[in-house]
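Here are my notes on this model, set out as numbered points. Please read them with the structure open beside you.

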Amino acid sequence: MSETVASSSAIPDEQRPLDQIPISPPNGEVEEETGEDGLALPGNKEQLTVFHSADNFNVKHPLMNKWTLWYTKPPNNRGENNWNDLLKEVVTFDSVEEFWGIYNNIAKTSELSLKSDYHLFKTGVRPEWEDAQNKHGGKWAYQFKRGSPVDDLWLNVMLAAIGETLESDKDKEIMGVVVNVRKVSYRIGLWTKTTGAGKGTPKEAALMEIGRKFKEVLKLGDKDVIEFSCHTESAHSGQSRAKAKHVV
């Protein structure tokens with residue numbers, strides 16, 4: 001999986017590695033670089049973002065959180081079917097530019113083998129039910145038929161997650177998003193930290209609002225239904241799809 005990510009040796013001479021590009025300052029200005037003699041270096045006054053030049057940008061747009069992309073490879077006939085063996089951490093990023101650099105250099109969802117998964121989670125959270133930050137939570141999910149525009153749908157979901165547009169700042173519910181590649185379908189899910197607490201509580205209202213926004217990002221109609229299930233019930237049943245606790 002990691003072999004699909006472009007190596008630093010492929011970066012043209014005029015580009016700098018992403019970890020050497022400064023974060024965009026609050027005032028939108030870029031400090032002028034100077035040489036050893038204290039004189040300004042030519043060509044460094046203009047602020048170039050990835051939106052100006054996909055190759056020669058000199059500032060990055062920071063994200064509110066750091067995110068990690070994970071990949072689950074398909075099980076095989078050699079006995080390497082333990083979850084920990086199949087789940088691979090790919091890369092961590094914290095800027096818009098790094099996200100696009102990664103996305104443009106990995107396989108699209110539609111190109112993955114059956115029983116593969118992509119997981120995009122906040123750094124420090126493993127995409128597992130047992131993780132301390134997941135075990136009391138659940139997920140919203142919807143299953144699309146094969147042939148659906150899964151690449152666009154998954155991209156929209158990732159952008160909504162890292163752009164923090166699926167919940168209010170105070171909720172802090174969203175842990176990550178996942179897409180599963182299966183024989184007859186693609187399943188896209190959004191994991192939350194809790195299951196919404198009691199009926200009529202602010203926690204439940206926040207969770208339902210996340211579900212509605214998630215449904216909009218998936219471009220579903222009024223007659224389409226997305227379901228929320230608890231991780232504990234999924235773990236007890238041994239299946240990723242448990243009985244729905246909420247629907248939108």
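1. Glycine 138 is a good place to begin: apart from its neighbours within four places in sequence, glycine 138 is in contact (heavy atoms within 4.5 Å) with Leu190, Trp191, Thr192, Thr194, Thr195, Phe228, Ser229, Cys230 and His231. One of these partners, tryptophan 191, is 53 residues away in sequence, yet the C-alpha to C-alpha distance between it and glycine 138 is 5.7 Å. Glycine 138 is also buried, with a relative accessible area of 0%, where buried means under 20% relative accessible area, exposed over 50%, and partly exposed in between, with a 1.4 Å probe and protein chains only.

2. A word on the source is needed here: this is a predicted model, in which local features need pLDDT of at least 70 and side-chain atom pairs count only at pLDDT 80 or more, while totals for chains, interfaces and linings use all residues. Residues are numbered from 1 along each chain as its sequence is written, and side-chain values use heavy atoms, with hydrogens and water left out.

3. Glycine 138 lies in strand S4, and the protein has 5 helices and 8 strands, which are DSSP runs numbered from the N terminus (helices H or I, at least four residues; strands E, at least two). The 8 strands form an open sheet with antiparallel pairing, in the order S2-S1-S3-S5-S6-S4-S7-S8, and two strands count as paired if DSSP finds at least two bridges between them. At the edges are strand S2 (87-95) and strand S8 (246-247), each of which pairs on one side only.

4. Within this sheet, strand S5 (residues 174-181) and strand S6 (residues 185-192) run antiparallel and are joined by 7 bridges. Valine 179 has isoleucine 188, in S6, as its bridge partner.

5. What does the nonpolar interior look like? The largest nonpolar core has 44 residues, and Trp140 and Ile188 touch the most other members; a nonpolar core is a set of buried Ala, Val, Leu, Ile, Met, Phe, Trp, Tyr and Cys residues joined through side-chain atoms within 4.5 Å. Helix H3 (residues 150-162) gives the most to this core, with 9 residues. A second, separate core of 7 residues includes Trp70, Met175, Val178 and Trp191.

6. For the protein taken overall, buried residues make up 42% of the 248 residues. Among contacts between residues at least 6 apart in sequence, 68% join residues at least 24 apart.
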